[in-house]
Amino acid sequence: MSYAKYSLLFFLLIILSLLSLSLQSPNFISLLATPVAVCTVGGFFFFFSAHSSLVHYARKFYENLVPSYTVYEVECPDHSFRKFTDDGQYLISFSRNLQELIVYRPRWLSFSCKDEDCDNHDLPLKAKRFESFFTQLYCVPLASCNELICKDFFLYMESNKFGLFATSTAQVHDALAVGGAVQGVPSIEKITFHLLRLEDGFVLDEKVFCNDFVNLAHNMGVFLYDDLLAIVSLRYQIIHILQIRDSGNLVHVRAIGEFCREDDELFLNSNAQGMALSDKNKQQQLLGNHIDNNIHQAQPNPGNSFLSGIKQRLLSFMFRGLWNEETDDTLRVQKIRQKFYFHFQDYCDLIIWKVQFLDRHHLLIKFGSVDGGRQVSRHADTHPAFVAVYNMDTTEIVSFYQNSADELYMLFEQFCDHFYATSRNSMHMNFISSHSNNIHALEQLRSIKDKASSSSQFMKKMLSSLPFSCQSLSPSPYFDQSLFRFDDKLISATDRHKQSTDHPIKFILRRHPYSLRFKIKPGPEAGSMDGRAKKISWFLFHPVLPLALSVQQTLIMQPPLVNISVVNIHFRR
């Protein structure tokens with residue numbers, strides 16, 4: 001089917017779905033008056049209504065618009081493909097040496113055929129190339145000679161079509177803890193965040209962090225909400241809040257960590273100067289009175305006199321919570337001694353691991369040990385951790401939970417969508433399946449919970465994903481669990497590598513007739529005969545079109561070590 005026919009078909013299907021649902025509604029006029037946004041992707045027309053049920057209803061047509069054909073081992077550039085942007089306008093990739101950014105525009109395959117039954121003919125060789133599906137827009141050098149692009153990091157600001165990228169120098173794992181740095185956290189000499197206009201690749205602004213550590217893997221240390229950006233300095237325990245202006249400037253808004261309010265540092269510095277002057281006068285007075293008892297008057301060290309502002313807020317919230325639980329003074333003292341002072345040093349040693357926005361005023365902050373912070377991406381559920389909600393306006397801790405608390409798990413299970421905190425301008429991310437909006441996902445979660453040997457360990461494992469990483473899920477309708485059933489051990493909406501298999505991954509209809517709708521097979525068409533090879537796969541699904549890339553990496557363990565990458569393109573022919 002030609003490109004123009006696909007565009008017309010999508011247009012008609014969406015119109016028919018909206019009219020069908022509207023005619024069934026008793027309030028037909030109000031539905032017609034519902035605001036509708038229209039966008040185009042590569043010549044396709046797509047409608048997004050503020051009335052979410054209309055979009056969910058229209059998405060059912062994807063049960064019949066599925067990838068039906070695969071081009072195996074496609075001829076493509078030797079790039080590291082990152083992802084499609086959430087609106088489907090761009091495909092982000094990096095050069096193999098991680099020095100350059102290459103951006104493509106998805107386009108539909110077109111070729112000529114003289115026969116009547118073209119659908120049964122094999123594609124011509126020219127149509128099986130990468131360039132038949134994607135047009136390169138530009139190639140921009142991002143990294144300097146001693147820096148590399150972080151290939152797992154990318155954030156997209158849909159409203160302005162801005163892209164945020166990161167480059168960094170090598171990690172120093174045994175760096176000395178100086179200047180208030182946390183002992184045991186690695187150091188990176190230079191981390192640079194680059195804000196680009198994706199339309200033409202123009203670099204709008206840059207933000208540099210020196211001798212610091214930000215966890216860039218899978219966007220874990222950075223969170224974007226609307227025009228606000230939170231960057232977590234693990235090494236110095238500071239949450240940097242920046243604003244991305246429409247002009248493309250990265251503007252510093254506030255820093256949360258050692259200080260919480262804007263005038264905290266000024267107040268403490270002026271107070272420290274007053275204390276130092278007072279102590280100096282006392283020392284001179286003692287010397288003038290010829291005191292002979294050799295008393296040494298130590299100078300105060302303001303840098304080590306106080307806990308950080310965010311830590312003081314946390315400790316005071318815990319103390320007041322325990323204090324208010326009991327009315328009897330004797331029981332109150334016993335509880336505070338057992339649950340607060342006994343663990344006081346452990347609470348003081350907690351560090352910030354990860355942060356996300358809940359809205360424009362509240363942050364969800366994870367605290368844990370230094371060892372857990374270094375392994376935040378692996379086995380994080382084995383380390384004790386705590387989650388706190390912080391109000392940036394009042395600088396108060398609103399709530400505080402351990403990562404195995406029943407109440408926190410209840411909130412996670414019933415209100416999971418609120419933790420994703422998608423930007424208001426992101427229409428595509430509002431329809432991702434979760435166990436709080438999809439009965440099939442909820443049944444799957446409860447089935448895993450029933451099979452778990454320990455309820456406490458299960459909750460800790462589930463809650464270890466909080467706070468969520470920003471833009472880590474694909475909004476593709478083929479991951480909508482109300483439409484399709486698939487093996488989430490082999491493929492899922494989560495932006496992660498998966499164990500690869502030589503068998504095709506099946507997508508089965510959720511509704512009658514519950515039949516196999518399409519299959520996705522990564523790697524060579526004939527599969528791999530070497531059982532000693534280690535294979536991983538990842539998938540890049542377009543958020544709107546029936547189009548996907550599968551990338552399989554095969555590491556042959558037998559010397560000499562060989563790393564083979566195979567890219568397949570799956571689309572509807």
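Two strands are taken to pair if DSSP finds at least two bridges between them. By this criterion, three strands of the predicted model make up an open sheet with antiparallel pairing, arranged in the order β22-β24-β25. Strands β22 (484-485) and β25 (516-520) lie at the edges with a single partner strand each, so one side of each has no neighbour in the sheet. The antiparallel pairing of β22 with β24 (residues 505-509) runs over two bridges, and here Arg485 is found opposite Ile508 of β24.

Strand β26 (residues 533-541) offers another view of strand pairing. Seven of its nine residues are buried, so β26 is largely enclosed by the rest of the structure. Strand β23 (residues 498-499) pairs with β26 in the antiparallel sense through two bridges, with Ser537 of β26 as the bridge partner of Lys498. Nine bridges link β26 to β27 (residues 547-556), again in the antiparallel sense, and Ser537 stands opposite Gln552 of β27. Together, β26 and β27 form a hairpin, with five residues between them.

Turning to the interior, the largest nonpolar core comprises 62 residues, and Phe193, Val222 and Leu363 have the most contacts inside it. Beyond its neighbours within four places in sequence, Phe193 touches a set of residues that includes Phe153, Leu164, Phe165, Val222 and Ile231, along with Asp205, Glu206 and Lys207. A second, separate core holds 24 residues, among them Phe81, Leu109, Leu549 and Val567.

Helix α13 (residues 455-463) has Phe458, Met459, Lys460, Met462 and Leu463 as its buried residues. These pack against strand β19 (362-368) and against helices α10 (406-414) and α12 (439-451).

Definitions and conventions: Residues are numbered from 1 along each chain as its sequence is written. This is a predicted model: local features need pLDDT of at least 70, side-chain atom pairs count only at pLDDT 80 or more; totals for chains, interfaces and linings use all residues. Side-chain values use heavy atoms; hydrogens and water are left out. A nonpolar core is a set of buried Ala, Val, Leu, Ile, Met, Phe, Trp, Tyr and Cys residues joined through side-chain atoms within 4.5 Å. Buried means under 20% relative accessible area, exposed over 50%, partly exposed in between (1.4 Å probe, protein chains only). Contact means heavy atoms within 4.5 Å. Helices (H or I, at least four residues) and strands (E, at least two) are DSSP runs, numbered from the N terminus.
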